[in-house]
Every structure is written in structure tokens, then in C-alpha cells.
Amino acid sequence: MYPEYMVAPIREDLTSAGFEQLMTAEEVEQVLGTDSGTVLVAVNSVCGCAAAKARPALKMAVAASDKRPAKLVTVFAGMEQDAVAKAREHMLPYPPSSPSIALFKNGELVHMIERYHIEGNELHRIVDNLKGAFEAYC
């Protein structure tokens with residue numbers, strides 16, 4: 001686990017953009033229920049690709065899309081381990097990866113962006129990927 005003073009500004013990068021920070025497995029389970037509508041889950045991280053690409057892409061895609069998920073949530077890898085583990089259970093069969101981005105519709109995983117899609121990609125392509133998923137599922 002990282003010191004909270006270190007991750008607080010990283011959390012705020014998404015919470016200030018409208019993402020709800022989920023701290024427990026119970027909160028994750030409640031948000032991803034079968035009648036939950038569309039939910040975008042960001043697995044946040046302290047790594048450079050989260051700072052340079054994942055968080056900016058999330059904020060840009062949400063801000064630029066007419067159609068977007070009804071709920072925006074985040075869990076923090078390396079911090080709230082139970083919440084992250086529960087979110088990752090819902091992301092199976094994809095292996096654990098952080099950062100990562102998952103879109104759910106009524107509890108079903110419908111779109112997944114893994115770390116390798118983020119770190120080796122250009123920012124605008126990640127934004128376009130998210131916007132396309134929003135258009136298709138929201």
C-alpha cells in the first residue's frame with residue numbers, strides 16, 4: 001500500500017471529474033448489480049501510463065461524449081485491496097491489470113481496456129475507443 005498523502009491527488013484527479021471512489025468490496029458489488037445500468041470502472045494506479053494516458057483519456061472521453069455511462073466509479077490498485085479484488089472478479093476472464101478500464105451494462109462486462117491497450121497507445125486512440133464504447137452501450 002502507498003501512503004495516503006501520495007495517492008490523494010491521484011484519487012482527486014478522477015473524483016474531481018465526477019468519478020466515485022469505491023473503498024470496499026460491498027460498494028463495488030452494490031454498484032455492479034444486475035440492474036445497475038451502465039457503469040464505467042477505472043482501476044486507478046500510481047504508474048506513469050495512468051497519469052499520462054488513462055486518467056486524461058477517461059476525463060476527455062466523458063467530457064466529449066453525448067452518450068456516457070450513468071455511473072462513473074474508480075478503485076485504486078495497491079490501496080483498497082478488497083474493492084479492487086471484487087472489481088477484478090467482475091472483469092474476468094481478463095487478467096488483473098492496472099490501470100484498466102471496464103464498461104458494464106446491467107452487471108455484464110461489455111468493454112475492456114487493459115493496461116497494454118493504454119501504455120502502448122496514443123491518448124486520442126484511447127479516447128476514441130472509450131467514446132465508441134459509450135456510443136455502442138450507453
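**Helix packing and nonpolar cores**

Colleague: Is the crossing of α3 and α6 left-handed or right-handed?

Modeller: The crossing of α3 and α6 is right-handed (the near helix is turned clockwise from the far one by less than a right angle; anticlockwise would be left-handed). Helices here are DSSP runs of H or I with at least four residues, strands are E runs of at least two, and both are numbered from the N terminus. This is a predicted model, in which local features need pLDDT of at least 70 and side-chain atom pairs pLDDT 80 or more, while totals for chains, interfaces and linings use all residues. Residues are numbered from 1 along each chain as its sequence is written, and side-chain values use heavy atoms, without hydrogens or water.

Colleague: At what angle do α3 and α6 cross?

Modeller: At roughly 45 degrees, with the axes coming within 8 Å (lines fitted to C-alpha atoms over the stretch in contact, angles from 0 to 180 degrees between N-to-C directions). The two helices, α3 and α6, are therefore oblique to each other (under 35 degrees is roughly parallel, over 145 roughly antiparallel, 65 to 115 roughly perpendicular, the rest oblique).

Colleague: Which residues meet there?

Modeller: From α3, the residues include Ala52, Pro56, Leu58, Ala61 and Val62, and α6 brings Leu123, Ile126, Val127, Leu130, Lys131 and Phe134 (contact is heavy atoms within 4.5 Å).

Colleague: And how does α1 pack on α3?

Modeller: Helix α1, residues 4–15, packs on α3 at about 20 degrees with the axes 10 Å apart, so α1 and α3 are roughly parallel. Ile10, Asp13 and Leu14 of α1 meet Arg55, Leu58 and Lys59 of α3.

Colleague: Turning to the interior, how many residues are in the largest nonpolar core?

Modeller: It has 23 residues, and among those with the most contacts inside it are Phe19, Leu40, Leu58, Leu130 and Phe134 (a core joins buried Ala, Val, Leu, Ile, Met, Phe, Trp, Tyr and Cys through side-chain atoms within 4.5 Å; buried is under 20% relative accessible area, exposed over 50%, partly exposed in between, 1.4 Å probe, protein chains only).

Colleague: Which element gives the largest share of this core?

Modeller: That is α3, with 7 residues. A second, separate core of 18 residues includes Leu22, Val41, Ala87 and Met112.

Colleague: What does phenylalanine 134 touch?

Modeller: Leaving out residues up to four places away in sequence, Phe134 touches Leu40, Ala61, Val62, Ser65, Lys67, Arg68, Pro69 and Leu103.

Colleague: Where is leucine 109?

Modeller: Leucine 109 is in strand β5. Leucine 32 is 77 residues away from leucine 109 in sequence, yet 9.6 Å away, C-alpha to C-alpha.
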